[in-house]
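Work through the exercises below with the sequence and the 3D view side by side. Try each task before reading its solution.

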Amino acid sequence: MRDFRIRLSAIRGLLFESQATLTAYKHRPRTTDRTTNYEKGVEDLTGFWKEAAKITQALWYVDQQTCVFCGGEQGVICQTCTTNYLRPDLGRCKRCGKLILAEKLHCLDCEVGKGPKYLDQVTAWGHYSGGLKDFIQKVKFEAHPRNIMEIARPFSDWAISQLPVVDGILAVPMHSSRLAERGFNQAEVLTSALHWELGLPILRGVERIESTSSQVLLSRQERLHNLKGAFAVLQPEYFKGKSVWLVDDVTTTGATLEAVAEVLHGSGVLAIYGLCLAAGLEKKLVPLRN
Ligand SMILES: [Zn+2]
Ligand SMILES: [Zn+2]
């Protein structure tokens with residue numbers, strides 16, 4: 001996007017230059033000598049065509065894309081980062097989204113019924129580690145929400161290849177005090193990116209009415225308990241009968257997605273699919289790479 005803007009301003013500059021060259025041609029000093037007039041005219045026009053050629057080049061020139069995760073010169077996401085963080089070799093647990101061995105359908109937790117109850121499926125683009133983790137942390141903690149636009153296309157392509165088309169997409173809401181602190185909700189920015197790329201409508205009307213302290217050190221059960229009553233649906237009838245993608249940046253235990261899904265389910269939402277940039281990995285079965 002940034003490259004596109006730079007290119008546009010370059011083209012605008014070139015247009016001004018070529019316009020100036022044409023004006024110079026029009027007002028070129030003429031002498032009584034026709035040969036000199038002709039040669040001078042050719043010289044000015046050559047200048048104009050050179051500028052025109054530069055504009056055409058700028059229009060068709062394809063920028064060298066650098067990898068958003070490592071800065072390497074190989075496309076939006078290079079092969080190494082794709083292998084390391086997006087892990088196309090692994091499957092996603094059909095219930096909680098955790099990265100698992102490709103031949104399995106569910107992770108060990110979900111196999112024994114410890115998975116989400118109100119979500120039909122959760123999927124995650126990649127593994128929360130290395131370059132993908134750095135990317136997400138930079139967005140959130142160094143206030144770079146616009147970086148999300150750089151991954152909008154590959155992330156949206158992934159989402160639509162994994163989940164059914166729904167009535168709308170909803171961001172996991174952030175408490176107003178946290179929003180005031182950070183200035184933006186990264187889940188909402190992600191939702192905008194999905195809306196922009198896929199055209200799915202954005203749904204609003206769920207609020208986080210209770211702020212919870214950091215959940216990092218808590219177990220899934222403790223988190224679920226902590227999140228009881230944290231979310232509220234403003235107009236349940238608005239959601240009745242709908243199917244939604246519920247979007248967040250990261251899922252670790254799935255407790256936050258589950259807490260939002262519970263209130264949506266209570267409002268009559270028929271199908272809820274969780275979608276995240278990154279998820280944890282089933283360490284018991286898949287060895288850690290980073
Ligand atoms: Zn890379
Ligand atoms: Zn699972």
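Two residues are in contact if their C-beta atoms, placed from the backbone, lie within 7 Å. The model is predicted.

**Exercise 1. Contacts of A278**

Task: Leaving out residues up to four places away in sequence, find which residues A278 touches.

Solution:
- Step 1. Apply the 7 Å cut-off to the C-beta atoms.
- Step 2. Read off the partners: A124, W125, G126, H127, Y128, L132, K133, I136 and V250.
- Step 3. Place A278 in the core. The largest nonpolar core has 62 residues, and A278 is among those with the most contacts inside it. L190, V244, L246, V247 and V260 are listed with A278.
- Step 4. Ask which element supplies this core. Strand β8 gives the most, with 7 residues.

**Exercise 2. The whole chain**

Task: State how many helices and strands the protein chain has, and what share of its residues is buried.

Solution:
- Step 1. Count the elements. There are 11 helices and 8 strands.
- Step 2. Take the burial figure. Of the 290 residues, 31% are buried.
- Step 3. Look at contacts with a separation of 6 or more. Residues 24 or more positions apart account for 72% of them.

**Exercise 3. The open sheet**

Task: Give the order of the 4 strands in the open sheet, and name the edge strands.

Solution:
- Step 1. Follow the pairing. The order is β3-β8-β7-β4, and the pairing is parallel.
- Step 2. Find the edges. β3 and β4 (168-171) each pair on one side only.
- Step 3. Add the twist. From one strand to the next it averages 25°.
- Step 4. Look for a helix on the sheet. α5 packs there and touches β3, β7 and β8. The direction of α5 makes about 105° with that of β8.

**Exercise 4. Bridges, strand by strand**

Task: Find how many bridges join β3 to β8, β7 to β8, and β4 to β7.

Solution:
- Step 1. Begin with β3 (residues 121-127). 6 bridges join β3 to β8 (residues 271-279). H127 stands opposite A279 in β8.
- Step 2. Move to β7 (residues 243-251), which 8 bridges join to β8. V247 stands opposite L275 in β8. The bridge partner of S243 is A271.
- Step 3. Finish with β4, joined to β7 by 4 bridges. I169 has W245 in β7 as its bridge partner.
- Step 4. Check how covered two of these strands are. In β3, 6 of 7 residues are buried. In β7, 7 of 9 residues are buried.

**Exercise 5. Two helices that cross**

Task: Describe how α3 and α5 are set against each other, and which residues meet.

Solution:
- Step 1. Recall what is needed. Two packed helices are described by the angle between their axes and the distance between the axes.
- Step 2. Take both values. The axes of α3 (residues 79-86) and α5 (residues 130-141) come within 7 Å and cross at roughly 85°.
- Step 3. Classify the angle. Angles of 65 to 115 degrees count as roughly perpendicular. α3 and α5 are therefore roughly perpendicular to each other.
- Step 4. List the residues. C81, N84 and Y85 in α3 meet G130, G131 and L132 in α5. This contact divides into 3 nonpolar, 3 polar and no charged residues.

**Exercise 6. Positive phi, buried or exposed?**

Task: R87 and A143 have positive phi values. Decide for R87 and for A143 whether the residue is buried or exposed.

Solution:
- Step 1. Recall the background. Most residues other than glycine have a negative phi.
- Step 2. Take the angles. Phi of R87 is near 45°, and phi of A143 is near 55°.
- Step 3. Locate the residues. R87 lies in the loop between α3 and β1 (91-92). A143 lies in the loop between α5 and α6.
- Step 4. Use the cut-offs: 20 or more neighbours for buried, 12 or fewer for exposed. R87 has 21 C-beta neighbours inside 10 Å, so R87 counts as buried. A143 has 11, so A143 counts as exposed.

**Exercise 7. Far in sequence**

Task: Find how many Å separate the C-alpha atoms of F141 and R182, and those of Q162 and V122.

Solution:
- Step 1. F141 is found in α5. F141 and R182 are 41 residues apart along the chain, with 7.9 Å between their C-alpha atoms.
- Step 2. F141 counts as exposed because it has 9 C-beta neighbours inside 10 Å.
- Step 3. Q162 lies in α6 (residues 148-162). Q162 and V122 are 40 residues apart in sequence and 9.5 Å apart in space.
- Step 4. Q162 has 16 C-beta neighbours inside 10 Å, so Q162 counts as partly exposed.

Methods: Residues numbered from 1 in each chain as written. Chains lettered and ligands numbered in written order. Predicted model: local features only at pLDDT ≥ 70, side-chain atom pairs only at ≥ 80, totals over all residues. Axes fitted to C-alpha atoms, helices over the stretch in contact; angles between N-to-C directions. Helix = DSSP H or I, 4+ residues; strand = E, 2+ residues; numbered from the N terminus. Parallel < 35°, antiparallel > 145°, perpendicular 65-115°, else oblique. Nonpolar A, V, L, I, M, F, W, Y, C, P; charged D, E, K, R; others polar. Pairing = 2+ DSSP bridges. Core = buried A, V, L, I, M, F, W, Y, C linked by C-beta atoms within 7 Å.
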